[in-house]
Amino acid sequence: MNWFSLFLLVVLLIALSWFAYRYFTLRQQIRDYTYKIRNASAIPLLPEDEQGLEDFSNAVKTFFANLNLQLDMSEAERARLAAVLDQMTDGVLIVDPFGRILFANPAAEKILGNHLLERSVTEALRHHQLIQAWQRCYESGEVQTESVELPARRQFLQLIVMPDLHTPGGTLLLVQDLTRLRRLETVRRDFVSNLSHELRTPLASLKALAETLQDGALDDPPAARRFVDRMQTEVDALTQMVNELLELSRIESGRLILDLKPVAAYELLFSASERMRLQTERAGLNLRVTNEDDNLKVRADAARLEQVLVNLIHNAVKFTKPGGEIALLAEAGEGGAPFGDVIRFAVRDNGVGISADDLSRIFERFYKSDRSRAGGGTGLGLSIARHIVEAHGGKIWAESREGDGSIFFFTIPSQPFNGS
């Protein structure tokens with residue numbers, strides 16, 4: 001063997017060794033990658049065999065399948081979260097460290113105004129107390145709460161500001177519109193106050209009358225008779241109040257049963273006017289029915305609707321000066337969905353009228369629009385009337401200006417006239 005042949009042999013051995021090294025190194029790398037990918041995909045490692053490339057390919061496919069599954073689950077979770085945020089009645093804002101709004105749900109735009117994205121938080125909040133609460137949270141990193149009343153917008157808002165744990169310097173804002181809750185709290189407080197006032201007056205009168213009788217009035221028969229008659233009047237007033245409260249409670253709890261039958265609107269107006277005729281004459285008022293169209297019919301509980309009309313007439317009598325007039329009217333009208341065609345009833349007077357502030361609350365329990373003239377009645381009549389009308393599927397409202405009289409309207413779905 002010459003030196004040249006020996007040299008070729010050495011070169012060939014070196015080349016074969018290099019290729020063998022590269023093959024086994026690549027195979028080991030494939031096995032390492034397969035192990036790592038299977039480990040990341042939570043798949044048990046298969047025994048080592050001669051299918052390295054196939055195992056590697058399958059592991060990659062499984063890894064991406066699991067990755068896609070996790071992405072789909074994340075997208076579904078994001079969609080659920082978005083749906084919750086869209087349906088929330090509280091406003092949610094996400095603010096970046098520079099005070100720009102990155103996210104606002106529909107409730108936030110309803111409370112604070114539209115087009116909040118990319119605006120500054122100070123522009124969106126527009127109230128110094130709310131802005132200061134956000135600044136305190138931004139500076140201290142602690143949750144801040146602030147409540148404000150906005151008379152111009154007739155709103156009562158509560159703001160909760162908390163730091164965004166995933167974004168240093170970012171904040172999350174929760175805006176709650178507590179206007180309705182505050183209004184309900186006012187109504188509840190007024191109800192308790194009014195009920196206490198209405199009960200205290202007759203009870204104090206009864207106590208005074210009883211003490212007077214005990215102090216010797218019993219020995220004076222004519223005086224005793226007057227005191228007993230007065231006590232009877234106060235007891236009747238208390239009885240009326242209790243009965244009206246029970247009636248209101250029964251209606252509000254849904255236990256009101258209506259006997260619905262076709263009835264002519266004019267018959268209701270005439271019957272109610274006759275019931276109140278004597279009282280209006282005593283007050284020096286003229287009570288009249290301005291229409292006599294028997295073709296206008298409603299499907300209603302006649303006794304209940306007559307009670308509504310009597311309550312409205314009684315209210316008009318209290319606030320109309322002697323020489324005034326009360327007019328009753330029924331006319332066809334368009335109710336719109338969901339009521340369809342309706343008959344609109346009206347009770348009009350030329351009395352003292354109702355202030356704009358009182359007009360929205362006159363149908364509340366015990367609410368009285370004029371305390372100086374509220375000596376009579378319980379303050380429950382209009383509330384009972386509202387519930388009866390709504391139980392018939394109608395609505396009731398009032399239009400008035402101080403010193404210019406009032407008109408009380410209510411609508412009832414009509415009954416087609418068949419000539420009977």
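Student: How many salt bridges does the structure hold?

Tutor: The structure holds 11 salt bridges, a salt bridge being a side-chain nitrogen of Lys or Arg within 4 Å of a carboxyl oxygen of Asp or Glu. The model is predicted: local features need pLDDT of at least 70, side-chain atom pairs count only at pLDDT 80 or more, and totals for chains, interfaces and linings use all residues. Residues are numbered from 1 along each chain as its sequence is written, and side-chain values use heavy atoms, with hydrogens and water left out.

Student: What makes the contact between Glu331 and Arg344 a salt bridge?

Tutor: The N to O distance between the side chains of Glu331 and Arg344 is 2.3 Å. The limit is 4 Å, so the pair qualifies. The pair links distant parts of the chain, Glu331 in strand β9 (residues 325-334) and Arg344 in strand β10 (residues 341-349), 13 residues apart. Strands (E, at least two residues) and helices (H or I, at least four) are DSSP runs, numbered from the N terminus.

Student: Why is Glu331 called partly exposed?

Tutor: Buried means under 20% relative accessible area, exposed means over 50%, and partly exposed lies in between (1.4 Å probe, protein chains only). Glu331 has 28% relative accessibility, so Glu331 is partly exposed. Arg344, at 29%, is also partly exposed.

Student: How do you know that Glu390 and Arg386 form a salt bridge?

Tutor: Their closest N and O atoms are 3.7 Å apart, and the limit of 4 Å therefore admits the pair. Both residues lie in helix α11, 4 residues apart, about one turn of the helix. In general, an α-helix has 3.6 residues a turn, so residues three or four places apart point the same way. Glu390 has a relative accessible area of 41% and is therefore partly exposed; Arg386, at 24%, is partly exposed as well.

Student: Which residues of α11 are buried, and what covers them?

Tutor: The buried residues of helix α11 (residues 381-391) are Leu382, Ser383, Ile384, Ala385, His387, Ile388 and Val389. Their cover includes α7 (221-252), α9 (302-318), β11 (396-400) and β12 (406-413). After α11 comes Gly393, with a positive phi near 85°.

Student: Why is Arg401 called exposed, and Asp404 partly exposed?

Tutor: Arg401 has 58% relative accessibility, so Arg401 counts as exposed. Asp404 has 49%, and therefore counts as partly exposed. The side chains of Arg401 and Asp404 meet in a salt bridge at 2.9 Å, N to O.

Student: What makes Leu67 eligible for a nonpolar patch?

Tutor: Patches are made of residues with over 30% relative accessible area and no salt bridge; nonpolar side chains (Val, Leu, Ile, Met, Phe, Trp, Tyr) are joined within 5 Å, and like charges within 9 Å. Leu67 has 32% relative accessibility, so Leu67 passes the area criterion. Leu67 lies in helix α2 (residues 52-87). Phe63, Phe64, Leu67 and Leu71 form the patch, with about 340 Å² of accessible area together (Shrake-Rupley method, 1.4 Å probe; for residues, only the protein chains shown count as cover).

Student: What share of the chain is buried?

Tutor: Buried residues make up 36% of the 420 residues in the chain. The secondary structure comes to 11 helices and 12 strands. The chain exposes about 25,600 Å², of which carbon and sulfur atoms supply 56%.

Methods: Contact = heavy atoms within 4.5 Å.
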